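Visitor: I should like to go through this protein by way of its helices, its salt bridges and a few single residues. Could you take my questions in turn?

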Amino acid sequence: MTSALTAPDTRELRSRAEHLLGALGAAPPEPGPLSVRTPITGGELARLRPSSGAAVDDAIGKAEAAFRAWRTAPAPQRAAVVRRLGQLLTEHIAELGELVTLEAGKIGAEARGEVQEMIDVCEFAVGLSRQLYGRTMASERPGHRLMETWHPLGVVGVLSAFNFPVAVWSWNTAIALVCGDTVVWKPSETTPLTALACHALVRRAAADVGADPEIHQLIVGAAEVGERLVDDDRVALVSATGSVRMGRTVGPRVAGRFGRCLLELGGNNAAVVTPSADLELATRGVVFAAAGTAGQRCTTLRRLIAHADVAGPLLHRIEHAYGQLRVGNPLDDGVLVGPLIDGRAYTAMREAVGRAIDDGGELVCGAERVMVAGEDSYYVRPAIVRMPAQTAVVREETFAPILYVLTYHDFEAAIALHNGVPQGLSSAVFTGDQREAERFLAADGSDCGIANVNIGTSGAEIGGAFGGEKHTGGGRESGSDAWKAYMRRATNTVNYSADLPLAQGIRFG
């Protein structure tokens, strides 16, 4: 169900963005050559001046200087900044959520949900500040104690993507600050306005609790700005979210200077639906995971692997549900699918669907452009393509709402299909059979960093570590013990005896 909904004037959106930035405490951006466009109309929201090389160097220098004092503050004191940030986000959830919609094109519910995710990770990080545990081990030497301690790492560089313009930054920043690190953030050049707002909020949070606002720095611009951050020896950890191509560049460059890298890259996520599955439950899980955020999540469901006995009725349900999705202006009530980020995304989607059809695929529905808000906006109905095999285009990630449907007869074959792609982020199985569920979660089951049972591939909670394997990069962010990536470990031996025995019983002298 497409809809020719209201198409607001870009001037109105620009005025609204300026108002929201002011309400969030951000100064008006300095005008420059960087054009910021809204996917709602394709029109220009603002123009910014990119950070110069000198400005990037200065930001890293300020973060490094602030780190020297910040690392010595007790972790519960450092958490005060994060606690205050969470409070400010709670106060401004509506304003920041609306700014996300204007700049990234997310529907209101998803945009506010992204800000709620920021609040949640702040709460998690505050609790974590009293749980940065080391351990004590038994020493083989009498009168000795063997233990490990965790210390702040240094300056953390955060490179974030357009599709989650604020949440992924918060995963890194809340944890890094509590761990005693300082942060330099380079957001996507597509979504710098939300970054200006978040930068203002975190610096206000620091000032409110008497901390140094210089613990957080913001730089904006295109790839060359990020490259300067990646190559700087003063940046101890680079946390980069984006494409596999970006990761292939960032990873070796950071490794070449012996820095640390945390990569969150592509996902080509699949759900296996077995004969024992609750098809109504599976339909709901599939539709949100495949069509939510217009298919522009790293955890978007891109492959549906259904048993031959249920593929027909399941696909019928999903196609019916797709027909009820309202596609249009994300500012309008009732819209469930907003625009693609830009024309390149639309072109990539059309080319992928064309290749799939050339490979023998059948376009079940979708893929047509819905003109609702101007020539430079790209509203597209989510597509379903039934495929005879997992061809090259299916094995690639296309960052758009395309769901490829494959069938299987044997559960082992389903797992082989599932794992037969280069990416390894998120996965799911819908089944009423405990053996199948456990088999999917076993060591020789799903090869992804996230494996779910009877729930879709998207919508991860912050309490668990987020990340994937293979071409997804191997990084882990957010919950569980992901904090260890932001700290350095020291093994300590304390001799409280009057003797000096050597390990392994070695005698010297």
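Guide: Certainly. A residue is called buried when its relative accessible area is under 20%, exposed when it is over 50%, and partly exposed in between. The model shown is predicted.

Visitor: Is Phe508 buried or exposed?

Guide: Phe508 is found in the segment after β23 (487-495). Its relative accessible area is 80%. The limit for the outermost class is over 50%, so Phe508 is exposed.

Visitor: Which residues make the nonpolar surface patch to which Phe508 belongs?

Guide: The patch covers about 360 Å². Besides Phe508, its members are Leu502 and Ile506.

Visitor: What is the reach of helix α9 from its first C-alpha to its last?

Guide: Helix α9 runs over residues 244-256 and has 13 residues. At 1.5 Å a residue, 18 Å is expected. The reach in the model is close to that, at 18 Å.

Visitor: How wide is the arc covered by the buried residues of α9?

Guide: The buried residues in α9 are Gly247, Val250, Gly251 and Val254. They lie on the same side of the helix, because around the axis they cover an arc of only 105°.

Visitor: Why can residues three or four places apart share a side of a helix?

Guide: Residues three or four places apart point the same way because an α-helix has a fixed number of residues a turn, namely 3.6.

Visitor: Which residues are exposed on the other side of α9?

Guide: The side in question is opposite the one that holds Gly247, Val250, Gly251 and Val254, which are buried. What covers those buried residues includes β5 (155-159), α8 (223-231), β8 (235-241) and β9 (260-264). On the other side, the exposed residues are Arg245, Arg248, Pro252 and Gly256.

Visitor: Which residue with a positive phi follows α9, and which one follows α7?

Guide: After α9 comes Phe258, with a positive phi near 60°. After α7, the residue with a positive phi, near 80°, is Gly210.

Visitor: How many of the 17 residues of α7 are buried?

Guide: Helix α7 takes up residues 192-208, and its end C-alpha atoms are 24 Å apart, in agreement with the 24 Å it should span at 1.5 Å a residue. The helix is largely enclosed by the rest of the structure, because the number of its residues that are buried is 13 of the 17.

Visitor: Which residue meets Glu214 in a salt bridge?

Guide: Glu214 sits in the loop between α7 and β7 (216-218), and its partner is in helix α7, eleven residues apart. Glu214 is partly exposed at 23%, and the partner is partly exposed at 22%. The side chains meet at 3.0 Å, N to O, and the partner is Arg203.

Visitor: How many residues apart in sequence are the parts tied together by Arg253 and Asp231?

Guide: The two side chains meet in a salt bridge of 2.5 Å, N to O. Arg253 lies in helix α9 and Asp231 in helix α8, so the pair ties together parts whose separation in sequence is 22 residues.

Visitor: Which helices does the salt bridge of Glu280 and Arg317 tie together?

Guide: The side chains of Glu280 and Arg317 meet at 3.0 Å, N to O. Glu280 is partly exposed, at 40%, and so is Arg317, at 34%. The pair ties together parts that are 37 residues apart in sequence, because the residues lie in α10 (residues 279-291) and α11 (residues 308-324).

Visitor: How many salt bridges does a search of the whole structure find?

Guide: The pair Glu280 and Arg317 is one example of a salt bridge. A search of the whole structure finds a total of 29.

Visitor: What is the relative accessibility of Thr101, and which residues does it touch?

Guide: Thr101 belongs to helix α4 (residues 93-104). Thr101 counts as buried because its relative accessibility is 3%. Not counting residues up to four places away in sequence, Thr101 touches Ile40, Lys106, Ile107, Gly108, Ala111, Pro330 and Leu331.

Visitor: How far apart in space are Ser478 and Ala125, C-alpha to C-alpha?

Guide: Ser478 is in strand β22 (residues 477-478) and counts as buried at 2% relative accessibility. Beyond its neighbours within four places in sequence, Ser478 is in contact with Val121, Phe124, Trp171, Ile175, Ile462 and Gly464. Ser478 and Ala125 are 353 residues apart in sequence, and their separation in space is 8.8 Å.

How values were computed
Residues numbered from 1 in each chain as written. Predicted model: local features only at pLDDT ≥ 70, side-chain atom pairs only at ≥ 80, totals over all residues. Heavy atoms only, no water. Patch = residues over 30% accessible without salt bridge, like charges linked within 9 Å, V, L, I, M, F, W, Y side chains within 5 Å. Areas by Shrake-Rupley, 256 points an atom, 1.4 Å probe, with all protein chains shown as cover. Salt bridge = Lys/Arg side-chain N within 4 Å of Asp/Glu carboxyl O. Helix = DSSP H or I, 4+ residues; strand = E, 2+ residues; numbered from the N terminus. Buried < 20%, exposed > 50% of the residue type's maximum accessible area, 1.4 Å probe, protein only. Expected span 1.5 Å × (residues − 1). Arc of directions from axis to C-beta. Contact = heavy atoms within 4.5 Å.
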